[in-house]
Amino acid sequence: MNFSFMWFHITKQIDGMASPRVKEDNYRYNLYGEEEKNTKWRYGAPPNYGAVNKIFEQGRTKTWPPGSLEEKVQNLVKTWEMEMFHKVRDEDFKTIDAKKYTFSLNGRKAVSLEEKRKLGGGYNSLLQTSLPDDLRGYNPSEETIDTAHMAFVTAFPRGFALEILHVYSGPPVIVYKFRHWGIMEGPFKGHAPTGEQVELFGMAIFELDEGGKIVKVEFFFDRGELLGGLMKGASVGSSSKEAALGCPFLKNTG
């Protein structure tokens, strides 16, 4: 498969967002503009990534040259993540082929987009575990996509930043190493905020079709690295779910 042909479709989407009359995000496309005017957003409006973009720019360890493979992969992954968390209808997804798309975590059986939704989508699908219930700390089987989102945006009110550390292969099979991080400034599942940076490292594989659409996603990481940082604070009386009910950042972070 022709490498340039594959990226033509992705770059065309990125370039299409560049208009002085359209609000932009420097790292995500399919967020604003004419093609998104009928998009149904989970929280009623497009998310605002201003705060998390600042954390990203201040804390990233890699600055990729414009137009490089690494920059394109980074923007694709950020856009895919935005769509997975904030778009509701299959027809509104631009990064994936909703009919062919499958997702798997740590070698588990791949699931379809609809099966992923049944797992609770978002953070719940990314934090699946075989641990007994009493050892899970965070139990995705007890959370909905909304309660999970509330828990994490409360813990990370300025967002959970993502950077690509290395791209091992380009399309159609993209293999990359990533880093996710945020500052724990709010409670999480009954644990007090620490004010410290919480980091997660991992690997992922994205398989694209000839049109540049993602059809297969595989993630590999240790969820304990994330939850360990979030649950080291002292126990507090109110849960992060309760604290998040009035959180003004709910729809503004990924």
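What share of the 254 residues in the chain is buried? The figure is 51%. Bear in mind that this is a predicted model. Some notes from going through it:

1. Overall layout. The chain has eight helices and six strands. Reading along the sequence, you get α-α-α-β-β-α-α-α-β-β-β-β-α-α. Among contacts with a separation of 6 or more, 65% are between residues 24 or more positions apart. As for the outside, the accessible surface is about 11900 Å², with carbon and sulfur atoms making up 52% of that.

2. Strands S3, S4 and S5. S4 (residues 173-183) is a good place to start, since it pairs with two other strands. With S3 (residues 161-169) the pairing is antiparallel and runs over seven bridges; Leu162 has His180 of S4 as its bridge partner. With S5 (residues 197-208) the pairing is again antiparallel, over eleven bridges, and here Ile174 sits opposite Phe206 of S5. S4 is also mostly covered, with eight of its eleven residues buried.

3. The S3-S4 turn. A hairpin of three residues links S3 to S4. Have a look at the Pro171-Pro172 peptide bond: it is cis, with omega about 15°. Pro172 itself belongs to the loop between S3 and S4. For context, most peptide bonds are trans.

4. The main core. The largest nonpolar core has 45 residues, and the members touching the most others are Phe152, Tyr176, Phe206, Phe219 and Leu230. Helix H3 is the top contributor to this core, with six residues. Nonpolar side chains in soluble globular proteins do tend to be buried together. Tyr176 is worth clicking on: leaving out residues up to four places away in sequence, its contacts include Val73, Val77, Ile164, Phe206 and Phe219. Phe206 is thus listed among the residues with the most core neighbours, touches Tyr176 and stands opposite Ile174.

5. The other core. There is a second, separate core of ten residues, and Tyr27, Trp41, Phe56 and Ala161 are among them.

6. Glu218. This one is in strand S6 (residues 214-221). Is Glu218 buried or exposed? Its relative accessible area is 18%, so Glu218 counts as buried, the cut-off being under 20%. Beyond its neighbours within four places in sequence, Glu218 contacts Ser104, Met203, Ala204 and Ile205. Met203 and Ala204 also turn up among the contacts of Tyr176.

7. Ala98. You'll find Ala98 in the loop between helix H3 (69-86) and strand S1 (102-105). Ala98 is buried because its relative accessible area, 19%, falls under 20%. Not counting residues up to four places away in sequence, Ala98 touches Asp90 and Leu113. Its C-alpha is 9.0 Å from that of Glu114, a residue 16 positions away along the chain.

8. Two asparagines with positive phi. Most residues other than glycine have a negative phi, so these deserve a glance. Asn30 has phi of about 60° and lies in the loop between helix H1 (3-16) and helix H2 (50-59). Asn106 has phi of about 50° and lies in the loop between S1 and strand S2 (111-112). How covered is each of them? Asn30 is buried, at 9% relative accessible area, whereas Asn106 is partly exposed, at 39%.

Note on methods:
Residues are numbered from 1 along each chain as its sequence is written. This is a predicted model: local features need pLDDT of at least 70, side-chain atom pairs count only at pLDDT 80 or more; totals for chains, interfaces and linings use all residues. Side-chain values use heavy atoms; hydrogens and water are left out. Helices (H or I, at least four residues) and strands (E, at least two) are DSSP runs, numbered from the N terminus. Buried means under 20% relative accessible area, exposed over 50%, partly exposed in between (1.4 Å probe, protein chains only). Contact means heavy atoms within 4.5 Å. Accessible areas come from the Shrake-Rupley method with a 1.4 Å probe; for residues, only the protein chains shown count as cover. Two strands pair if DSSP finds at least two bridges between them. A nonpolar core is a set of buried Ala, Val, Leu, Ile, Met, Phe, Trp, Tyr and Cys residues joined through side-chain atoms within 4.5 Å.
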